Amino acid sequence: MRDDCIFCKIAAGQIPSATLYEDGNFRVILDLGPAARGHALILPKAHYADLSEIDDDTAGKVLPLAKKMVSAMTKALGCAGMNLVQNNGEAAGQTVRHFHMHIIPRYANGPKMVSWEPGELTETDKASIVEAVRAEL
Ligand code: AMP
Ligand code: ZN
């Protein structure tokens with residue numbers, strides 16, 4: 001727990017939040033600046049700045065919890081789909097440096113929120129990226 005981290009304080013219950021779910025390891029809250037109705041955040045109670053710091057045991061619990069939340073939220077909200085978004089680093093849009101997973105409901109005929117213009121995977125990139133990443137695993 002970090003005294004200077006707002007998500008640590010929210011996860012610990014020291015700052016009130018609209019809590020959808022809580023267990024010993026996580027709190028799931030409604031985002032204060034929702035991208036869509038029902039936008040939620042999975043917060044681990046322990047502090048990890050991002051995916052590079054989270055331990056494998058906690059990381060392994062995030063996706064099953066996301067699945068549980070997606071199922072309940074789909075029924076409760078009547079959304080047509082969900083985006084799971086998890087930003088790592090300022091360059092990726094992370095504004096709160098406490099690991100969190102966004103669960104963003106998507107509604108029929110709603111705005112596209114997680115999208116990009118497709119580029120092109122060149123033969124040069126294909127070879128060099130595969131070689132470089134595989135060398136780091
Ligand atoms: P990210 O850009 O991935 O770091 O996402 C941070 C998210 O946290 C944003 O969607 C904010 O709207 C949300 N947020 C920031 N402060 C709070 C807060 N006190 N309670 C709930 N959500 C928050
Ligand atoms: Zn924290």
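Which residues coordinate the zinc ion (ligand 2)? Let's start there, and keep in mind that everything I show today comes from a predicted model.

The zinc ion, ligand 2, is held by two cysteines and two histidines: C5 and C8 through their SG atoms, H47 and H98 through their ND1 atoms, at 2.1 to 2.3 Å. The site is tetrahedral, with angles of 105 to 116° among the 4 donor atoms. If you have the sequence open, look for the spacing C-x2-C-x38-H-x50-H. One pair here ties together distant parts of the chain: C8 belongs to helix 1, residues 6-12, while H47 sits in the loop between strand 3 and helix 2, 39 residues apart. And are C8 and H47 buried or exposed? Both are buried.

Now please turn to the sheet. It is an open one, built of 5 strands in the order 1-2-3-5-4, with antiparallel pairing. The edges are taken by strand 1 (19-22) and strand 4 (81-85); each has a single partner strand, so one side of each is left without a neighbour in the sheet. On average, neighbouring strands are turned by 20° against each other, ignoring direction.

Let me zoom in on the strand 1 edge. Strand 1 pairs with strand 2, residues 26-30, in the antiparallel sense over 3 bridges. For an example you can find on your screen, take E22, whose bridge partner in strand 2 is R27.

What lies across this sheet? That is helix 2, residues 56-77, which lies across strands 1, 2, 3, 4 and 5. Helix 2 runs at about 20° to strand 5, residues 101-106.

That brings me to the nonpolar cores. The largest has 14 residues, and those with the most contacts inside it are V28, I42, V62, L65, M69 and I103. Strand 2, strand 3, helix 2 and strand 5 each supply at least two residues of this core. Which element gives the most? Helix 2 does, with 5 residues.

I103 is a nice residue to click on. Leaving aside neighbours within four places in sequence, I103 is in contact with a whole list of residues, among them G38, A40, I42, A66, M69, V70, M73, M82 and L84.

There is also a second, separate core, of 9 residues, including C8, I10, A11 and V96. You have met C8 already: this cysteine is one of the residues coordinating the zinc ion (ligand 2), and it is counted in the second core too. That closes the loop back to my opening question. Thanks for listening!

Note on methods: Residues numbered from 1 in each chain as written. Chains lettered and ligands numbered in written order. Predicted model: local features only at pLDDT ≥ 70, side-chain atom pairs only at ≥ 80, totals over all residues. Heavy atoms only, no water. Pairing = 2+ DSSP bridges. Helix = DSSP H or I, 4+ residues; strand = E, 2+ residues; numbered from the N terminus. Axes fitted to C-alpha atoms, helices over the stretch in contact; angles between N-to-C directions. Contact = heavy atoms within 4.5 Å. Donors = N, O, S within 2.8 Å, 3.2 Å for Na, K, Ca; no water. Tetrahedral: all angles 85-135°; square planar, octahedral: opposite > 155°, others 65-115°. Buried < 20%, exposed > 50% of the residue type's maximum accessible area, 1.4 Å probe, protein only. Core = buried A, V, L, I, M, F, W, Y, C linked by side-chain atoms within 4.5 Å.
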